[in-house]
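Here are some comments on the structure you asked me to look over, written so that each can be checked against the model on your screen.

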Amino acid sequence: YMRTIASYKAYEMIDRMRANPDGISAGSYDDISGTPAANDCSMQSCSFSAMAAYDANQWNSELAYLLPSGQGTVTRSGSVFTIVVRWDENRQGAAGLDCDPESESDLSCFTVNVQL
C-alpha cells in the first residue's frame, strides 16, 4: 500500500514539473528536499520559480501526511531528474537515506528517473 502511494506521488511530481517547463529550464526543480516556504499558487498567479517552490511544499507536505516519515527529493544530472520518495515502512524510527533494503535503519524508497 505504501509503495503504491509512493509511486503515485513520485509521478505526480513529474506531472507538476511538466506543467512548469520554464521552472525546469531555470533550474527551479534541480535540487528539491524538505518543505520550503511557499506562496499559495492555487489562488494567485505565481512566477515559475514560485510555482516550483509551491510544488515542492505541497508534495512534501502530502508525503509527510500520507506516509510514515514520508519525504521526497528531486535531483538533476544533465537532463535526467531523479525523484525519490522515502518512508518508514515498519514505523520503527528509521531515518537513514541510503535506501538499503537490508538495513533496518534506512527508510524504504521508491525511485524513478525521468528525462525532461
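The numbered points below take up the core, one lysine, two loops and a pocket in turn.

1. Please keep in mind from the start that this is a predicted model, so that everything said below describes a prediction.

2. I would begin with the nonpolar core, since in soluble globular proteins nonpolar side chains tend to be buried together. The largest nonpolar core here has 23 residues, and those with the most contacts inside it are Tyr-29, Leu-67, Val-74, Phe-81, Ile-83 and Val-85. Two or more residues come from each of helix H1, helix H3 (48–66), strand E3 (80–87) and strand E4 (108–115), and H1 gives the largest share, which is seven residues.

3. Ile-83 is a good residue on which to follow these contacts by eye. Leaving aside its neighbours within four places in sequence, Ile-83 is in contact with Ala-10, Ile-14, Trp-59, Thr-73, Val-74, Phe-110, Thr-111, Val-112 and Val-114.

4. Is Lys-9 buried or exposed? This residue is found in helix H1, which covers residues 2–18, and Lys-9 counts as buried because its relative accessibility is 4%, under the 20% cut-off. The side chain of Lys-9 is joined to that of Glu-62 by a polar contact of 2.3 Å. Beyond its neighbours within four places in sequence, Lys-9 is in contact with Trp-59, Glu-62, Leu-63 and Leu-66.

5. The loop between H3 and strand E2 (71–77) deserves a careful look, and Ser-69 has its place there. Most residues other than glycine have a negative phi, whereas phi of Ser-69 is near 55°, a positive value. With a relative accessibility of 43%, Ser-69 counts as partly exposed, because this value falls between the cut-offs of 20% and 50%.

6. Gly-70 lies in the loop between H3 and E2 as well, but Gly-70 is buried, because its relative accessible area is 10%, which is under 20%. Not counting neighbours within four places in sequence, Gly-70 is in contact with Leu-63, Ala-64, Arg-86 and Trp-87. Gly-70 and Leu-107 are 37 residues apart in sequence, and their C-alpha atoms are 9.0 Å apart in space.

7. Arg-91, which is found in the loop between E3 and E4, also has a positive phi, near 55°, although it is not a glycine. Arg-91 counts as exposed because its relative accessibility of 60% is over the 50% cut-off. Which residues does Arg-91 touch, not counting residues up to four places away in sequence? They are Met-2 and Pro-68, and the C-alpha atoms of Arg-91 and Pro-68 are 6.5 Å apart in space, with their positions 23 residues apart in the numbering.

8. My last point concerns the largest pocket, in which about 170 Å³ of space lies. The pocket is lined by 14 residues, and the closest to its centre are Asn-90, Ser-103, Glu-104, Asp-106 and Ser-108. When the lining is sorted by class, six of the residues are charged, four are polar and four are nonpolar.

Note on methods: Residues are numbered from 1 along each chain as its sequence is written. This is a predicted model: local features need pLDDT of at least 70, side-chain atom pairs count only at pLDDT 80 or more; totals for chains, interfaces and linings use all residues. Side-chain values use heavy atoms; hydrogens and water are left out. On a 1 Å grid over the protein atoms alone, a cavity is a set of points where a 1.4 Å probe fits but cannot get out, and a pocket is an open set with protein on both sides within 12 Å along at least five of seven lines; lining residues have an atom within 4 Å of a point. Grid points are joined across faces, edges and corners, and a volume is the space filled by probe spheres set on the points. Ala, Val, Leu, Ile, Met, Phe, Trp, Tyr, Cys and Pro count as nonpolar, Asp, Glu, Lys and Arg as charged, and the others, Gly among them, as polar. Helices (H or I, at least four residues) and strands (E, at least two) are DSSP runs, numbered from the N terminus. Buried means under 20% relative accessible area, exposed over 50%, partly exposed in between (1.4 Å probe, protein chains only). A polar contact is a pair of N or O atoms within 3.5 Å; within protein, one must be able to donate a hydrogen and the other to accept it, and residues adjacent in sequence count only if both atoms are side-chain atoms. Contact means heavy atoms within 4.5 Å. A nonpolar core is a set of buried Ala, Val, Leu, Ile, Met, Phe, Trp, Tyr and Cys residues joined through side-chain atoms within 4.5 Å.
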